[in-house]
Amino acid sequence: MAADAEEVLNCACYDAAHMLRVSLWKDPSGPDLIVTVHLTPRPLLKRTWEALRYVMSRDLPHGHFEETLLRVQDVPRLRRLLDQFEQASREASSAGADDGPTGQKVGPRSTPRNTADGGD
Ligand SMILES: [Zn+2]
């Protein structure tokens, strides 16, 4: 199953681990805009150590985040995708979707469309 629209944005450093995939999934109940990030594979002990530090609220040198530096030439593609998301949200709201008047969702869907696990 493919998204209705999708953009893959490279980081300014071109490290594939910093790549973002932004996917728009349209649905009569309201669209989802999903940003997929890559989790850097690390050895088990390092991940366990970082998890313990996270649980104990100890900061890592770069925090518990990875970052992507977007390039200005990617703005039109991202803007186009965001416009499509906004349009689909408005259409779903006017069609009576149950997301309320602002179109904001209060939580994730009960059936997530995660394809990272090799789904469809
Ligand atoms: Zn980068």
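**A walk from Glu 6 through the sheet and helices**

Glu 6 has 14 C-beta neighbours inside 10 Å, so this residue counts as partly exposed; a buried residue would need 20 or more, and an exposed one would have 12 or fewer. Keep in mind that what you're looking at is a predicted model. Glu 6 sits in strand 1, and it makes a handy place to start. Leaving aside residues up to four places away in sequence, Glu 6 touches Arg 21, Val 22, Ser 23 and Leu 24. Take Ser 23: 17 residues separate it from Glu 6 along the chain, yet the two C-alpha atoms are 4.3 Å apart in space.

Those contacts lead us to the sheet. Strand 1 and strand 2 run antiparallel and are joined by five bridges. If you want to see the register, find Ala 5, which stands opposite Leu 24 in strand 2. Carry on to the next pair: strand 2 (residues 20-25) and strand 3 (residues 32-37) also pair in the antiparallel sense, this time over six bridges. Here Trp 25 faces Asp 32 of strand 3 as its opposite number. The link between these two strands makes a hairpin, with six residues in between, and Gly 30 in the turn has a positive phi of about 130°.

Put together, the three strands give an open sheet with the order 1-2-3 and antiparallel pairing. Strand 1 and strand 3 are the edge strands, each pairing on one side only. On average, neighbouring strands of this sheet are turned by 15° against each other, ignoring direction.

Now for what sits on the sheet. Helix 2 packs there and touches strand 1, strand 2 and strand 3, with its direction at about 150° to that of strand 1. How far should the 20 residues of helix 2 (residues 75-94) span at 1.5 Å a residue? The expected value is 28 Å, and the end C-alpha atoms are 28 Å apart, so the two agree.

Which residues of helix 2 are buried? They are Leu 81, Phe 85, Ala 88 and Ser 89. Looking down the helix axis, you'd find these buried residues within an arc of 105°, so they line one face of helix 2. Their cover includes strand 1 (5-9), strand 2 and strand 3. Turn to the other side of helix 2 and you meet exposed residues: Val 75, Pro 76, Arg 79, Arg 80, Asp 83 and Ser 94. Just past the end of helix 2, Gly 96 takes a positive phi of about 95°.

Helix 1 (residues 44-55) is another story. Its 12 residues reach 16 Å from first C-alpha to last, close to the 16 Å expected at 1.5 Å a residue. But the number of buried residues in helix 1 is zero, so this helix lies largely in the open. After helix 1 comes Ser 57, with a positive phi near 60°.

Let's zoom out. The protein has two helices and three strands, and along the sequence they follow the pattern β-β-β-α-α. Of the 120 residues in the protein, 8% are buried. As for contacts with a separation of 6 or more, 50% come from residues 24 or more positions apart.

Terms used: Residues are numbered from 1 along each chain as its sequence is written. This is a predicted model: local features need pLDDT of at least 70, side-chain atom pairs count only at pLDDT 80 or more; totals for chains, interfaces and linings use all residues. Two strands pair if DSSP finds at least two bridges between them. Helices (H or I, at least four residues) and strands (E, at least two) are DSSP runs, numbered from the N terminus. Two residues are in contact if their C-beta atoms, placed from the backbone, lie within 7 Å. The expected span of a helix is 1.5 Å times one less than its number of residues. The arc is that of the directions from the helix axis to the C-beta atoms. Axes are lines fitted to C-alpha atoms, for helices over the stretch in contact, and angles run from 0 to 180 degrees between N-to-C directions.
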